[in-house]
Each structure stands twice: as C-alpha cells, then as structure tokens.
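Reader: Could you walk me through one part of this protein up close? I'd like to hear how the inside is packed and what the charged side chains are doing around it.

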Amino acid sequence: MAESRTLADLRGRAAPAKAEPAEAKIDVQGRSYATGKRKNAIARVWLKPGAGKMIVNGRDSGIYFARPVLRMLIQQPLVASNRVGQFDVWVSVKGGGLSGQAGAVRHGISKALTFREPDLRPVLKAGGFLTRDSRVVERKKYGKAKARRSFQFSKR
C-alpha cells in the first residue's frame, strides 16, 4: 500500500541527520592529487605539506610561467584559502598555450586543496576556482576563413 504524504504525516517525523563532513583524500605518501583543465590544457597536480615550493614540468613555476599575471593566477587558490607557503606543489601540465596551462594549474590546485581540506570548499567555490571554464576554441567551418570570419566580399 502506498504511503500517504501530507503535511500532517511529516510533522511528527524528525529532521534528517546532517551529513558528516567529507574525509580528506590523501595517498600513502601524504599527497593529494587532482586534475585541472582549461581550454586544451590538462594539469595533473600533487599537493603535499611543505615550504611552498612549486614545480611545473620539472622547472620552477617562476621560470615556467614567466609572465607575472600567470604566476599570480596560479597562486590565487592558495592566497584565497590563506595557505601560501604551506604546501609544496608538483605539477605536470600538457596541451594548449601558457594561459590555458596556468588556468588548468589553478583549477587543479583548487581541487587538490578541497580533497586535502574539505572545509576550504566554500571559500574556493565562492572565488570561482572550482568551476571548470568550459570555453574552448570554436571549430573552423567550411566556406569560411576562420570559425566565423568570411572572405572579403567583392562585387566584381
């Protein structure tokens, strides 16, 4: 027999118990791992407690991302969560250009921080660091010079 669902039936019931806080996802070596994506770039990020050293593709992040804007971009999740200098970050990134790679690294660091410390999720979510930016380059169409650009029109 189907159970009737009225307000009177539900009044006497207790509120559902709150979910327990998520547990940290840390591997045997004490690292948290996440994958970040932006445009055509994919970054694999490992986060470990340390002195704040950041290695990207075997090089220091300051050398790999030479432009100050890109260096600022990859530091944003750590700054927003007040974790600057507390974690060593090791990144393997491929595909796309430097700007897309920096965005992928930022996304990966943000995800790895939430896996390590689930309590940081609201702060990083509010900053927009956990959302994967889904904008990618539009494909070229036939009969067009580029994706939307037409060839120059001439009456002759």
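**Charged pairs and the core**

Author: Let's start with a charged residue: Glu117 has a relative accessibility of 21%, so this residue counts as partly exposed. Keep in mind that this is a predicted model. The partner of Glu117 is Arg83, and their side chains form a salt bridge with N and O 2.7 Å apart. Arg83 sits in the loop between α3 and β5, while Glu117 sits in the loop between α4 and α5 (121–126), so this pair ties together parts that lie 34 residues apart in sequence.

Those two loops bring us to α3 and α4 themselves. The axes of α3 and α4 come within 8 Å and cross at roughly 10°. Angles under 35 degrees count as roughly parallel, and therefore α3 and α4 are described that way. On the α3 side, the residues that meet α4 are Leu70, Leu73, Ile74, Gln76, Pro77 and Leu78. Across from them, α4 brings in a set including Leu98, Ala102, Val105, Arg106, Ile109 and Leu113. Sorted by type, the residues of this contact come out as 10 nonpolar, 4 polar and 1 charged.

Now for the inside. The largest nonpolar core has 26 residues, and Phe65, Val91, Val105, Ile109 and Leu113 touch the most other members. At least two residues of this core come from each of β2 (41–49), β3 (54–56), α3 (68–80), β5 (87–94) and α4 (98–116). The most generous contributor is α4, with 6 residues. If you want one residue to zoom in on, try Val105: leaving aside residues up to four places away in sequence, Val105 touches Ala43, Val45, Phe65, Ile74, Val91 and Val93. As a general point, nonpolar side chains in soluble globular proteins tend to be buried together.

Back to the charges. The whole structure has 6 salt bridges. One of them joins Arg31 to Asp27, with N and O 3.1 Å apart. Arg31 is partly exposed at 27% relative accessibility, and Asp27 is partly exposed too, at 30%. Another links Lys141 with Glu138, whose closest N and O atoms are 2.6 Å apart. Lys141 comes in as partly exposed at 26%, and Glu138 as partly exposed at 38%. Finally, have a look at Arg38, Asp133 and Arg135, which are linked in a network of salt bridges.

Note on methods:
Residues numbered from 1 in each chain as written. Predicted model: local features only at pLDDT ≥ 70, side-chain atom pairs only at ≥ 80, totals over all residues. Heavy atoms only, no water. Core = buried A, V, L, I, M, F, W, Y, C linked by side-chain atoms within 4.5 Å. Buried < 20%, exposed > 50% of the residue type's maximum accessible area, 1.4 Å probe, protein only. Helix = DSSP H or I, 4+ residues; strand = E, 2+ residues; numbered from the N terminus. Contact = heavy atoms within 4.5 Å. Axes fitted to C-alpha atoms, helices over the stretch in contact; angles between N-to-C directions. Parallel < 35°, antiparallel > 145°, perpendicular 65-115°, else oblique. Nonpolar A, V, L, I, M, F, W, Y, C, P; charged D, E, K, R; others polar. Salt bridge = Lys/Arg side-chain N within 4 Å of Asp/Glu carboxyl O.
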